[in-house]
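Me: I am new to this structure and would like a close look at a single part of it. Please take one helix, work through how it sits among its surroundings, and then lead me outward to the rest of the protein.

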Amino acid sequence: MAKREFESGIHTDLREKLTYSGYLALEKVLNAQHPLSDPPHHDEMLFIIQHQTSELWLKLMIHELEAAIRWIQSDDLEPCFKVLARVKHIQTQLTNQWSVLATLTPSEYLQFRDVLGPASGFQSPQYRLVEFLLGNKDAQMLRLHQHDPAWHARLQHAVEAPGIYDEFLRYLSRRGLEMPKSALERDVTEPHSVNEEVVEILKRVYRDPKRHWDAYEMCEKLVDIDEQFGLWRYRHMTTVERIIGGKTGTGGSSGVTFLRQLIMHRFFPDLWEVRTRL
């Protein structure tokens, strides 16, 4: 193979100029991995990077979901579709990452699991915020974040604010669909449950998608996210079971038993129920 020519236009004198590493703050990012095992166990680096990258994706999900809520509030669903499509692909990345962690064997994990103490992904404030933005509210979970006043306040606000589905139902009401008072004035600190009146309205949307195209498209985007979340949870559960079996989680949960209970949770149950009713 011929040697590639070094193009004359490529910048080589980068002194006092913005560089790729500088723009991305790579010095901070690449030096944020601090294994605690002593001597350092080879596979602890995998464990740390797996969870750090997950947190970066969660940060982007939050950025996109909060933008989507603002678009819905301003009655503009077109840009919201793009944002939610991106969220779905972020979720796919998060799900696929479990296959990397699944290369960690039980014997390898046991070599450094003790250094985690009570630390657990269940304590992730960003994961909790994603759940709250999607409407899976549970105020008792705020107890996990009492030690961090800034995050506790942000999560408290998210519990008390309407989630993305609440805002979507309010949007439908503004667009002339007779949304029931029980949906518009519900206690937004509670998770969603099937609302029969809402399901009847959604049946109209699904039976005439051309007339209600924006609502129809939004419904499908929300189902995409709900479905992907279930797939992520399932992959999480199987990876944990593969590595620790039925052991208790580091954070004190029952581990796989606890995770298995979460798999079938639906953020937007009306959107699943309407499929049966059509």
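Reply: Helix H8 is mostly covered in this predicted model, since 8 of its 11 residues are buried. The buried residues of H8 are Ile164, Tyr165, Asp166, Glu167, Phe168, Leu169, Tyr171 and Leu172, a list that holds the charged residues Asp166 and Glu167 as well as nonpolar ones such as Ile164 and Phe168. In an α-helix there are 3.6 residues a turn, so residues three or four places apart point the same way. After H8 comes glycine 176, which has a positive phi, near 100 degrees.

Two residues of H8 also stand out in the interior of the protein. The largest nonpolar core has 68 residues, and among these Ile164, Phe168 and Met218 touch the most other members. Helix H11, which runs over residues 213-244, gives this core its largest share, 12 residues. In soluble globular proteins, nonpolar side chains tend to be buried together. Once residues up to four places away in sequence are set aside, phenylalanine 168 touches Ile72, Leu77, Ala215, Met218, Cys219 and Leu222. Met218, one of the residues that phenylalanine 168 touches, is thus met again here, having already been named for its many partners in the core.

From H8 the path leads to helix H6, residues 125-133, because H8 is among the elements that cover the buried residues of H6, together with helix H3 (44-73), helix H7 (149-160) and H11. H6 is largely enclosed by the rest of the structure, because 9 of its 9 residues are buried. Those residues are Pro125, Gln126, Tyr127, Arg128, Leu129, Val130, Glu131, Phe132 and Leu133, so that the buried set takes in the charged residues Arg128 and Glu131. H6 is followed by glycine 135, and the phi of this glycine is positive, near 100 degrees.

Tyr127, buried in H6, also belongs to the lining of the largest cavity, along with Leu58, Met61, Gln91, Leu94, Gln228, Phe229 and Trp232. The count of cavities of 30 Å³ or more comes to 1, and the largest cavity holds about 70 Å³ of space. At least two residues of its lining are supplied by each of H3, helix H4 (77-101) and H11, with H11 giving the most, 3 residues. Sorted by class, the lining of this cavity has 6 nonpolar residues, 2 polar ones and no charged ones.

Further along the sequence from H8, the loop between helix H9 (181-184) and helix H10 (196-207) contains asparagine 195. This asparagine counts as buried because its relative accessibility is 15%, against a cut-off of under 20%. The side chain of asparagine 195 makes a polar contact with the side chain of serine 182, at 3.1 Å. When its neighbours within four places in sequence are left aside, asparagine 195 is in contact with Pro180, Ser182, Ala183 and Asp270.

Some loops that come before H8 in the sequence have backbone features worth a careful look. Most residues other than glycine have a negative phi, and most peptide bonds are trans. Alanine 25, in the loop between helix H1 (20-23) and helix H2 (26-29), has a positive phi, near 50 degrees, and with a relative accessible area of 32% alanine 25 is partly exposed. Proline 39 lies in the loop between H2 and H3, and the peptide bond that leads from aspartate 38 to proline 39 is cis, with omega near 0 degrees. Aspartate 75, placed in the loop between H3 and H4, likewise has a positive phi, near 60 degrees, and its relative accessibility of 39% makes aspartate 75 partly exposed.

To place these parts in the whole, the protein has 13 helices and 0 strands. Of its 278 residues, 41% count as buried, and the C-alpha trace spans about 65 × 55 × 40 Å along its principal axes. Among the contacts with a separation of 6 or more, 72% join residues that are 24 or more positions apart. The contacts of phenylalanine 168 with Ile72 and Leu77 offer an example of residues that stand far from one another in the sequence and still touch.

Technical notes: Residues numbered from 1 in each chain as written. Predicted model: local features only at pLDDT ≥ 70, side-chain atom pairs only at ≥ 80, totals over all residues. Heavy atoms only, no water. Core = buried A, V, L, I, M, F, W, Y, C linked by side-chain atoms within 4.5 Å. Buried < 20%, exposed > 50% of the residue type's maximum accessible area, 1.4 Å probe, protein only. Helix = DSSP H or I, 4+ residues; strand = E, 2+ residues; numbered from the N terminus. Contact = heavy atoms within 4.5 Å. Polar contact = N/O pair within 3.5 Å; in protein donor to acceptor, adjacent residues only side chain to side chain. 1 Å grid on protein atoms, 1.4 Å probe; cavity = no way out; pocket = protein on both sides within 12 Å on 5 of 7 lines; lining within 4 Å. Points joined across faces, edges and corners; volume = space filled by probe spheres on them.
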